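I opened a new page for this chain and went through it one stop at a time. Come along and keep the picture beside you as you read.

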Amino acid sequence: MVEANSAGRVDAAYDAVVVGAGIGGLYMVYKLREMGLSVLGIEVGDNVGGVWYWNRYPGARCDLMTVDYCYTFSPEVDAEWSWSEQFAAQPEILEYINFVADRHELRKDYLFGTRVERAAYDEARQVWQFHTDTGKVFEASYAVMATGPLSVPKVPEFVANGSFKGELYYSGRWPKEPVSYEGKRVGVVGVGSTGIQIVPVVAQEAKELTVFQRTPSFTMPMRNHAYTPEYQAQIKRHLPAMRASARNSPLGGVRPSSTRPYFSVPPEQRISLMEDAWKNGGHTFLGTFSDLLQNEEANEEVAEFVRGKIGEVVNDPETAEMLKPRGYPIFARRACLDTHYYEAFNLPHVRLVDCFREPIHTLTDNGIKVGDREIELDMLILATGYDGLTGALMAFDVVGRGGETVNQRWSGGAHSHLGLMMKDFPNLFMICGPNGPSALANIFTINEQNVNWIADAISHMRSHGLTAMEPTGEAEQGWMDLVAGLAEGTLVSKAKTWYTGTNIAGKSRGLTMYTGGFKAYREACEEAASQDYPGIAFERAGVPETTA
């Protein structure tokens, strides 16, 4: 670490600064430190955990299996940690992340409770300068944005249009102190994966529960399982093979998948397969057929099967019909897993409001105004999602060559090369960026792959006497053309979701995530590195090099 600038403009200088202490940020700090680089991590929260630090809402649970939802870089952690169940709850996930941070002493390289307000590139000196809300300023040769795809909660417009004197909570900024629902009239706005987890838990205690739904989600039963010691031992014995399989899978994990097209089996066998998958729960249903995001007719038949299951569970026909998703393909929105979500609507004190029929107008002192009526509440929980994929990196000023910001560059939609770097932003790296597989694959697998690629790129520069790297405009456009071409072949783009930016007013629309699968993405990144980074422009102490 370099001493503080005598003029007081810079408090300290490092080889690298990593923004974020979530899954990707922690591993990036570990990796750079193991390379012998000086590194500073900056995190707005007061501890590690990323999205799992903030998401303490009732029922918070991962919908990826724990056998996938963990790091692979640490033999020590593998040997010393065991998960208690197939789909872990938030407290255990946060405990795991803290365990990793403790085991590798990662907190000592972090500055917590600090927000980066501006990160700007000094072209003449080839350094990034980070201005924080505490007034401290740091410099680094390499800037790594580990800000995550889901870290900026969406604030609904109706919140600003009125006041509410009761308790108001955001699912993505849940308080650390316990929250009681007993004897209270509670409202939950939003029925994505978060709302679907909240509703059954709050329904157990609340005097009244009103669920405000605009677009219903498809959700399948999770049917979680506790792990026995014998099974935990089996997992540890077979981890290497399972992880090799995960790295070579489209989703970066070992959840069920199939090469069987829907119409390749007779109708009665399709029904039998879906019945078994529904009974087994978890991701079994998702992996039953191979072409559900390409074949619209197959997709609609599977969607109708799930709608039928909703009708079987929910007693009131009108409520069941409101809960049945229509107008978009199944699995084009985030595939949810639930525990007794539909069953909650059979309870006498739980009611559903269709916000297409009765739009939310505003908050009132005593509740919410919907349609032409007011619903009185003691507590309101906003499970209204995030400004996904791009929101975190556009929440502060990131300034590249010529003073252009990421906000300006992405005004028409996010674009980058490999989802990792952008033209005119030298030595700025993104972990789990919006143009990679991002939310469409196992977040741990993507984060580790991205971190390893970034570390190798930095090692390449340092070993060759190179001081800066960035993609060319042609390489960036070529990658985005590939992303766009792949998006045309999937039904994912046909739903209005945070995947496509349609949940945020004024945000550019379109599916910018790489939909070719994790394995193909990993191979594309590996090929770029093995060929000495084609499409990347390097510099040597400010002097441009020939593009590799």
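**Entry 1: a loop residue.** I started with Thr147, which I found in the loop between β6 (137-145) and α5 (157-160). I kept in mind that this is a predicted model. Is Thr147 buried or exposed? I looked up its relative accessibility and got 17%. Buried means under 20%, so Thr147 counts as buried. Next I asked which residues Thr147 is in contact with, leaving aside its neighbours within four places in sequence. My list reads Val19, Ala392, Leu393 and Phe396.

**Entry 2: a strand residue.** I moved on to Tyr169, which lies in strand β7. Tyr169 has a relative accessible area of 15%, so I noted this residue as buried too. I then looked along the chain to Leu380, 211 residues apart from Tyr169, and found their C-alpha atoms separated by 6.3 Å. Leu380 also turned up among the contacts of Tyr169, once I had set aside neighbours within four places in sequence. The others on that list are Trp174, Pro175, Val179, Met379, Ile381 and Leu382.

**Entry 3: the five-stranded sheet.** Tyr169 led me to the sheet that holds β7. In what order do its five strands lie? I traced β7-β16-β8-β9-β12, an open sheet with parallel pairing. At the edges I marked β7 (167-170) and β12 (350-354), each of which pairs on one side only. I looked up the turn between neighbouring strands as well: 15 degrees on average, with direction ignored.

I took a closer look at one pair inside this sheet. Strand β8 (residues 185-189) and strand β9 (residues 208-213) run parallel, and I found five bridges joining them. Here Arg185 stands opposite Glu208 in β9.

Then I checked what lies across these strands. Helix α6 (residues 193-203) lies across β8, β9, β12 and β16 (379-382). Its direction is about 165 degrees to that of β9.

**Entry 4: the second largest pocket.** I met α6 again when I turned to empty space. Rolling a probe the size of a water molecule over the atoms shows where empty space is left. The second largest pocket came out with a volume of about 600 Å³. I noted 32 lining residues, and the closest to the centre are Pro200, Met222, Asp338, Thr339 and His340.

Which element gives the largest share of this lining? I found that α6 does, with five residues. The elements that each supply at least two residues are α4 (90-103), α6, β10 (219-221), β11 (336-338) and α11 (341-344). I sorted the lining of this pocket by type and wrote down 18 nonpolar, eight polar and six charged residues.

**Entry 5: closed spaces.** I asked next how many cavities of 30 Å³ or more the structure holds. There are three. I stayed with the largest cavity, which has about 180 Å³ of space in it. Its lining has 16 residues, and those nearest the centre are Trp81, Ser82, Trp83, Ile235 and Lys236.

Both α3 (75-80) and α7 (229-247) supply at least two residues to the lining of the largest cavity. I gave α7 a star in the margin, as it contributes the most, with five residues. By type, I listed 10 nonpolar, three polar and three charged residues around the largest cavity.

**Entry 6: the three-stranded sheet.** My last stop was an open sheet of three strands, in the order β19-β20-β21, with antiparallel pairing. Which strands stand at the edges? I found β19 and β21 there, each with a single partner strand, so one side of each is left without a neighbour in the sheet.

I counted off the bridges next. Four join strand β19 (residues 468-471) to strand β20 (residues 536-540). Two join β20 to strand β21 (residues 543-544).

I looked up who faces whom. Ala468 stands opposite Glu539 in β20, and Glu539 in turn stands opposite Pro544 in β21. Glu470 has Ala537 as its bridge partner in β20.

To finish, I checked for a helix over this sheet. Helix α13 (residues 443-463) lies across β19 and β20, and runs at about 130 degrees to β19.

Note on methods:
Residues numbered from 1 in each chain as written. Predicted model: local features only at pLDDT ≥ 70, side-chain atom pairs only at ≥ 80, totals over all residues. Heavy atoms only, no water. Pairing = 2+ DSSP bridges. Axes fitted to C-alpha atoms, helices over the stretch in contact; angles between N-to-C directions. Contact = heavy atoms within 4.5 Å. 1 Å grid on protein atoms, 1.4 Å probe; cavity = no way out; pocket = protein on both sides within 12 Å on 5 of 7 lines; lining within 4 Å. Points joined across faces, edges and corners; volume = space filled by probe spheres on them. Nonpolar A, V, L, I, M, F, W, Y, C, P; charged D, E, K, R; others polar. Buried < 20%, exposed > 50% of the residue type's maximum accessible area, 1.4 Å probe, protein only.
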